[in-house]
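Take a look at the structure below. We will go from one residue to the core, and then to the pockets.

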Amino acid sequence: MQKWLFLILVWFGQAQAAEPIQLRVAQQGPADYRSIQQAINQLPANDQWGIIRIGPGVYPEKIYLTRDRVVLAGAGKDQTIIQVAELRANWLAQHPTDWGSAVVNINATDIALVQLTVRNHYGALTGDHRHQFAIRGFERASRIITADCVVLADGADTLSLWNKTDGMYYHHQCRFEGHTDMVCPRGWAFFSQSHFINHRRSATLWHDGELDSQQKLVVRDSLFEGIDGFLLGRRHYDAQFYLIHNEYSNNMADRAIFRVNYPDEPGRDQANQWGDRIYISQAEGSTALYPWLTDNLATHPQQLSADDITPRWAFEGRWDPEADLAQIQHWLESEP
């Protein structure tokens with residue numbers, strides 16, 4: 001009996017310790033802070049999750065995340081907007097690295113953005129649609145979640161999570177908008193029930209999986225739209241794509257995901273040791289928009305079915321983002 005009581009007390013203590021720190025940010029009315037970054041900076045340097053609840057409004061501030069286990073939770077993707085105008089070229093002209101070139105800059109693990117919008121609107125203000133990040137991930141960025149968010153930029157590389165060694169990213173029920181390579185992960189990435197809108201006749205998806213043959217980009221149950229002639233995707237490095245039960249606008253160009261090379265400058269070509277790996281499964285009853293979009297998942301060496309393509313499979317059992325997101329949603333539904 002004493003042993004069971006001891007175990008219960010230990011479990012209860014762990015459960016209590018697992019409760020997150022919760023801070024509130026609002027532009028007016030009762031709140032702990034008026035600035036998102038100020039709230040982030042006040043989180044203690046420990047392993048406890050920190051939840052920053054952000055009220056409605058447009059927040060014109062850059063976000064820097066270097067502490068692990070932080071949730072930025074808005075009041076709704078149409079209510080809470082983090083917005084800054086920044087062109088990468090302008091930033092690099094005055095700074096030695098990309099750190100700070102995005103609206104949200106991440107160099108940490110276990111980060112979640114939920115129910116908010118992140119926008120880099122430099123292009124809308126100036127007409128310049130070169131690289132302008134909404135979210136940028138650095139060397140330590142892994143186990144990153146966006147859920148029920150809008151992530152958009154008026155130029156290239158909207159969502160750039162670039163931990164090429166062990167980066168893992170999960171995106172659920174989000175809208176992404178941008179220009180060339182608007183979604184460009186390195187490592188492992190899984191998108192579900194999301195909406196991609198490309199405003200340029202260029203690639204929507206881009207992937208770098210050169211360091212591990214298992215690195216992959218998965219998009220399932222999602223919609224691709226854009227201007228007339230937009231492209232689905234491309235790669236410069238070894239990459240692996242899974243397109244499962246998606247819908248594609250008639251505006252999409254008749255060109256399969258392709259490898260970029262440089263015939264006149266072969267020294268610029270990246271390694272291609274694993275070749276093209278693009279696996280497709282159409283939803284039951286749907287018709288492929290183009291011949292290259294027909295089902296070929298059965299040709300996979302593991303003889304996969306569409307039901308096998310889950311987040312746990314994609315991340316090889318090393319991360320269960322759906323469980324993490326369920327826990328975060330539970331915390332958000334509970335009053336702090």
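**From one glycine outward**

Gly 100 is buried, with a relative accessible area of 0%. Buried means under 20% relative accessible area, with a 1.4 Å probe and protein chains only. This is a predicted model: local features need pLDDT of at least 70, side-chain atom pairs count only at pLDDT 80 or more, and totals for chains, interfaces and linings use all residues. Residues are numbered from 1 along each chain as its sequence is written, and side-chain values use heavy atoms, with hydrogens and water left out.

What does Gly 100 touch, not counting residues up to four places away in sequence? Its contacts (heavy atoms within 4.5 Å) are Lys 62, Tyr 64, Trp 91 and Asn 105. Lys 62 is 38 residues apart from Gly 100 along the chain, yet their C-alpha atoms are separated by 7.4 Å.

Now the largest nonpolar core. Such a core is a set of buried Ala, Val, Leu, Ile, Met, Phe, Trp, Tyr and Cys residues joined through side-chain atoms within 4.5 Å. This one has 55 residues, and Ile 52, Leu 72 and Leu 205 touch the most other members. Another core, of 28 residues, lies apart from it. Trp 319 is one of its residues. Beyond its neighbours within four places in sequence, Ile 52 is in contact with residues including Leu 23, Ala 39 and Val 70.

Last, the lining of the largest pocket. It divides into 7 nonpolar, 4 polar and 5 charged residues. Here Ala, Val, Leu, Ile, Met, Phe, Trp, Tyr, Cys and Pro count as nonpolar, Asp, Glu, Lys and Arg as charged, and the others, Gly among them, as polar. A pocket is an open set of points on a 1 Å grid over the protein atoms alone, where a 1.4 Å probe fits, with protein on both sides within 12 Å along at least five of seven lines; lining residues have an atom within 4 Å of a point.

Definitions and conventions:
Buried means under 20% relative accessible area, exposed over 50%, partly exposed in between (1.4 Å probe, protein chains only).
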